[in-house]
Amino acid sequence: MRNMTNQNRLKALVRHEFSFYANDNALNNIFEKIAADGVAIIAFTITNRMNVNFVRMIAGPLNSNSSFANKVVRNALRSERIQYDETEVIQIIFSPSPGVGLGIFQALRNMRVFAAYSAANGIIINVSDTQTVLNLLKQAHVIR
């Protein structure tokens with residue numbers, strides 16, 4: 001098997017993930033309010049169970065955490081009276097290439113990963129200990 005280590009190393013950012021439950025109408029209103037304030041949603045996942053959506057969402061510019069974008073999301077959620085969790089997650093930025101996902105998940109095989117999903121330019125990982133995972137990814141030469 002050939003070495004799948006990324007010679008260029010990937011970039012990792014700490015971002016804010018918002019997770020919440022909302023019905024379709026409230027979710028539509030939230031998306032409208034975020035868009036009306038000029039904020040992009042760069043990653044999200046929605047799981048629908050019995051007409052209620054469980055949502056994980058990252059907002060802001062592609063390559064940086066934005067306090068303004070996070071504030072817009074908070075305001076949109078509050079305006080719909082939605083209870084939410086705001087959690088630090090890791091965004092790993094990469095161009096799709098063979099072995100990238102393998103390197104990431106091999107480095108994380110002993111960590112508790114709550115969620116992993118694609119973003120506009122990489123992958124979002126919600127883990128039990130953000131700093132430990134960043135250190136593991138650096139030690140495995142996955143990120144710089």
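# Working chat on a predicted αβ model

Trainee: What pattern does the protein follow, read along the sequence?

Mentor: In this predicted model, the order along the sequence is β-α-β-β-α-β-α-β-β-α. That pattern holds four helices and six strands.

Trainee: What does the radius of gyration say about the overall form?

Mentor: The radius of gyration is 16 Å, and a compact globule of 144 residues would have one near 15 Å, so the protein agrees with that expectation. The C-alpha trace spans about 50 × 30 × 25 Å along the principal axes.

Trainee: And what percentage of the residues is buried?

Mentor: Buried residues account for 41% of the 144. As for the surface, the protein exposes about 8,200 Å², of which carbon and sulfur atoms supply 48%.

Trainee: How many charges of each sign are there, and how far apart are their mean positions?

Mentor: There are 15 positive and 9 negative charges, and their mean positions lie 10 Å apart.

Trainee: Turning to the strands, how many bridges join β1 to β4?

Mentor: Ten bridges join β1, residues 11-22, to β4, residues 84-93, and the two strands run antiparallel. Within that pairing, Leu13 has Gln91 of β4 as its bridge partner.

Trainee: Which way does β1 run relative to β3, parallel or antiparallel?

Mentor: Strands β1 and β3 run antiparallel, with five bridges between them. One position to look at is Tyr21, which stands opposite Phe54 in β3.

Trainee: What joins β5 to β6?

Mentor: A hairpin joins them through two residues. Strand β5 covers residues 113-119 and β6 covers residues 122-127; they run antiparallel and share six bridges. Across this pairing, Ala115 stands opposite Asn126 in β6.

Trainee: What share of the contacts joins residues at least 24 apart?

Mentor: Among contacts between residues at least 6 apart in sequence, 71% join residues at least 24 apart.

Trainee: Let us take single residues. Is Met57 buried or exposed?

Mentor: Met57 is buried, because its relative accessible area is 0%, under the 20% cut-off. The residue is placed in strand β3.

Trainee: Which residues is Met57 in contact with, leaving aside its neighbours within four places in sequence?

Mentor: The list includes His16, Glu17, Phe18 and Phe20, together with Ile30, Phe31 and Ile34. Also among the contacts of Met57 are Ile41, Ala43, Phe44, Val73 and Tyr117. For Phe44, 13 residues away along the chain, the C-alpha separation from Met57 is 4.3 Å.

Trainee: Where does Thr45 lie, and which residues is Thr45 in contact with?

Mentor: Thr45 lies in strand β2. Apart from neighbours within four places in sequence, Thr45 is in contact with Phe54, Val55, Arg56 and Tyr117. Its relative accessible area is 28%, so Thr45 counts as partly exposed.

Trainee: How far apart are Thr45 and Lys11 in space?

Mentor: Their C-alpha atoms are 22 Å apart, with the two positions 34 residues apart in sequence numbering. For another pair, Arg81 and Ala26 are 55 residues apart along the chain, and their C-alpha atoms are separated by 9.1 Å.

Trainee: Where is Arg81 found?

Mentor: Arg81 is in the loop between α2, residues 67-79, and β4. With a relative accessible area of 77%, Arg81 is exposed.

Trainee: On the backbone now, what is phi of Asn51?

Mentor: Phi of Asn51 is near 70 degrees, a positive value in a residue other than glycine. Most residues other than glycine have a negative phi. Asn51 sits in the loop between β2, residues 41-49, and β3, residues 52-59. Its relative accessibility is 64%, so Asn51 counts as exposed.

Trainee: And what is phi of His141?

Mentor: Phi of His141 is near 60 degrees, again a positive value in a residue other than glycine. His141 is found in the segment after α4, which covers residues 130-139.

Trainee: What is the relative accessible area of His141?

Mentor: The value for His141 is 38%, so this residue is partly exposed.

Conventions
Residues numbered from 1 in each chain as written. Predicted model: local features only at pLDDT ≥ 70, side-chain atom pairs only at ≥ 80, totals over all residues. Heavy atoms only, no water. Pairing = 2+ DSSP bridges. Rg over C-alpha atoms; globule rule 2.2 N^0.38 Å. Buried < 20%, exposed > 50% of the residue type's maximum accessible area, 1.4 Å probe, protein only. Contact = heavy atoms within 4.5 Å. Areas by Shrake-Rupley, 256 points an atom, 1.4 Å probe, with all protein chains shown as cover. Lys, Arg positive; Asp, Glu negative; His and termini not counted. Charge placed at Lys NZ, Arg CZ, Asp CG, Glu CD.
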